[in-house]
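User: Could you walk me through this structure and explain the reasoning behind the labels?
Analyst: Happy to! Let's look at it together.

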Amino acid sequence: MYAMIMEATGGPEVLRYAEIATPVPQPGEVLIKVAYAGVNPADWKNRQGLLAGFRPYVFPCIIGFDAAGVVAALGEGVTGFAVGDRVFTPSNHGQGGQGSYAEYVLASEDRVAPIPAGLDFAQAAALPVAALTAWQGLFDRGGLTAGQTALIHGGAGGLGSFAVQFARWAGARVAATCSTANVDYLTSLGVERVIDYRREDIAAAVQDWAPGGLDYLMDAVGVSTLPDGLDLVRAGGTFVSIPTLTDDGDIPAAAAAAAGKGVERVFSTMDDVGCSATLRKIAALLVSGDLVLPPLREFALRDAAEAHRVIQQGHNRGKTVLKVADL
Ligand SMILES: NC(=O)c1ccc[n+]([C@@H]2O[C@H](COP(=O)([O-])OP(=O)(O)OC[C@H]3O[C@@H](n4cnc5c(N)ncnc54)[C@H](OP(=O)(O)O)[C@@H]3O)[C@@H](O)[C@H]2O)c1
């Protein structure tokens, strides 16, 4: 197969379109012929070597978590899928497998979900990491409930676009931060209070919108952009940070400060083990119209380096996908 391979970590130039052995599914795994790979900030961080703490890099290495395509082969014991099924997945890359910037990728069966009718491959490839991270940070780890006030810091990116909509769907009152260029976008997603961080003081806006303090805060940008986040949350509320690997500050000190104020402090990294059930719920929300897909920016697989240069600037709106094949 062809893939974007890396022989070393580094800048976008280390990504090279080349031939490499097609993977073979082991027991419990599904081999997927990829139509689209989804792009996440984790990909450029991975390319630069920042994920070394999670697992060793073995070269040649293929990066990329998200994929959508058709089932090409089944490992022993897989019963929930058949060859030809349209599926999407965060793949086995998070567990050390080769990634999705390739014509074929492997995923354990419990990380694969069917693409419902009405959703195309590009749309499905945009979902896994961003939507799962948002869901887990809001509900599984954040315990957000109807009627609560929730601020999503970084509402216009891949993660934030899902988070603001999930929070609203759950019945929360939602505020979100973004730059001036994204104010209309977040308003269109139904955000009650859009805070333009370039023009407004976030603390003053929150004080005005939720005078007793927020019930829930998600930081999806980084601690340096919201250094006084804890002050925005009421005692008994919840403050979730999505670890960035680049701007996480002193996590033990942040946890201690939150404990002193009686705030539940959560650092929520995506967990994709057994994520099929959540992916199915998220896809169902798209079909029912409770969730709209953020705008997609599309590149060819061969142009992954260019996609990285854009997303690495940190002001992406919505999601970015790589077209791998016409399926
Ligand atoms: N640990 C995990 O499991 C995990 C999982 C997923 C994502 N993440 C991390 O979460 C972060 C967000 O991911 P993503 O997919 O949403 O990234 P993304 O699609 O690149 O979006 C980044 C967003 O941040 C916004 N932003 C930049 N500076 C800001 C500021 N000062 N205040 C408010 N918003 C600001 C940008 O909006 P404007 O252009 O409007 O500024 C942009 O929309 C990344 O660091 C990613 O690595 C971690």
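Analyst: This is a predicted model. A good place to start is the pairing of two helices: Ala-130, Ala-131, Thr-133, Ala-134, Trp-135 and Leu-138 of α3 meet Gly-158, Leu-159, Phe-162, Ala-163, Phe-166 and Ala-167 of α4.

User: What makes the residues of this contact nonpolar, polar or charged?
Analyst: Residue type decides: Ala, Leu, Phe and Trp count as nonpolar, whereas Gly belongs with the polar ones. The contact of α3 with α4 therefore divides into 10 nonpolar, 2 polar and no charged residues.

User: Why is α3 called oblique to α4?
Analyst: The axes of α3 (residues 128–140) and α4 (residues 158–169) come within 8 Å and cross at roughly 45°. Angles under 35 degrees count as roughly parallel, and 65 to 115 as roughly perpendicular. The crossing angle of roughly 45° fits neither range, so α3 is oblique to α4. As for handedness, α3 passes α4 in a right-handed crossing.

User: How do you know that the ligand's shell draws on both domains?
Analyst: The chain is divided into domain 1 (2–129 + 272–323) and domain 2 (142–267), and each supplies at least three residues of the shell. Among the 31 residues around the ligand, Gly-157, Gly-158, Leu-159, Ser-179 and His-315 come nearest. His-315 falls within 272–323, so it belongs to domain 1, while Gly-157, Gly-158, Leu-159 and Ser-179 fall within 142–267, in domain 2.

User: Which elements supply at least two residues each of that shell?
Analyst: They are α1 (41–47), α3, α4 and β9 (173–178). The shell around the ligand divides into 14 nonpolar, 16 polar and 1 charged.

Key: Residues numbered from 1 in each chain as written. Predicted model: local features only at pLDDT ≥ 70, side-chain atom pairs only at ≥ 80, totals over all residues. Axes fitted to C-alpha atoms, helices over the stretch in contact; angles between N-to-C directions. Helix = DSSP H or I, 4+ residues; strand = E, 2+ residues; numbered from the N terminus. Parallel < 35°, antiparallel > 145°, perpendicular 65-115°, else oblique. Left-handed = near helix turned anticlockwise from the far one by under 90°. Contact = placed C-beta atoms within 7 Å. Near = placed C-beta within 6 Å.
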